[in-house]
Amino acid sequence: MKTCDKCQGSMVIERAVDLEVGLKMFYYACLNCGRRVQAEKEPRPLVH
């Protein structure tokens with residue numbers, strides 16, 4: 001499990017979706033402080 005650099009809390013993977021543009025992006029979100037860090041370099045299309 002990944003730990004947060006700010007508070008040392010546990011981070012889980014989240015998916016953010018932009019339906020207007022049709023892109024998705026994965027983030028790590030801290031369960032303790034709510035900080036979000038990108039898990040991917042760039043967004044991907046929803047449909048291949």
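## Asp18 and the backbone after it

A polar atom of the Asp18 side chain sits 3.2 Å from the backbone nitrogen of Glu20. The Asp18 side chain also reaches the backbone nitrogen of Val21, at 3.5 Å. These values come from a predicted model.

Asp18 belongs to strand β2, which covers residues 10-18. Its relative accessible area is 36%. Asp18 therefore counts as partly exposed, since that class runs between the 20% limit for buried and the 50% limit for exposed.

## Partners of Asp18 farther along the chain

Which residues does Asp18 contact once its neighbours within four places in sequence are set aside? The answer is Leu23 and Leu46. Leu46 is 28 residues from Asp18 in sequence. In space, their C-alpha atoms are 8.9 Å apart.

## A nonpolar surface patch

Leu46 also belongs to a nonpolar surface patch. Val17, Leu19 and Val47 are the other members. The patch measures about 400 Å².

Is Leu19 buried or exposed? Leu19 is exposed, because its relative accessible area of 71% is over the 50% cut-off. Leu19 is located in the loop between β2 and β3, and β3 spans residues 23-30.

## Lys24, buried without a salt bridge

Lys24 lies in strand β3. It is buried, yet it has no salt bridge. The nearest side chain of opposite charge is that of Glu40, 7.3 Å away. A salt bridge needs a nitrogen–oxygen distance within 4 Å, so this pair does not qualify.

Lys24 still has many neighbours to list. Leaving out residues up to four places away in sequence, Lys24 touches Arg15, Ala16 and Val17, along with Glu40, Pro43, Arg44, Pro45 and Leu46. Two of these names return from the patch: Val17 and Leu46 are both patch members and both touch Lys24.

## Glu40 and its polar contacts

Where is Glu40 found? Glu40 is in the loop between β4 (36-38) and β5 (44-45). Beyond residues up to four places away in sequence, Glu40 touches Lys24, Met25 and Phe26.

The Glu40 side chain takes part in polar contacts. One joins it to the side chain of Arg44, at 3.1 Å. A polar atom of the Glu40 side chain also lies 3.4 Å from the backbone nitrogen of Phe26. Glu40 thus touches Lys24, but its side chain makes no salt bridge with Lys24.

Terms used. Residues are numbered from 1 along each chain as its sequence is written. This is a predicted model: local features need pLDDT of at least 70, side-chain atom pairs count only at pLDDT 80 or more; totals for chains, interfaces and linings use all residues. Side-chain values use heavy atoms; hydrogens and water are left out. Helices (H or I, at least four residues) and strands (E, at least two) are DSSP runs, numbered from the N terminus. Buried means under 20% relative accessible area, exposed over 50%, partly exposed in between (1.4 Å probe, protein chains only). Contact means heavy atoms within 4.5 Å. A polar contact is a pair of N or O atoms within 3.5 Å; within protein, one must be able to donate a hydrogen and the other to accept it, and residues adjacent in sequence count only if both atoms are side-chain atoms. Patches are made of residues with over 30% relative accessible area and no salt bridge: like charges are joined within 9 Å, nonpolar side chains (Val, Leu, Ile, Met, Phe, Trp, Tyr) within 5 Å. Accessible areas come from the Shrake-Rupley method with a 1.4 Å probe; for residues, only the protein chains shown count as cover. Lys and Arg count as positive and Asp and Glu as negative; His and the chain ends are not counted.
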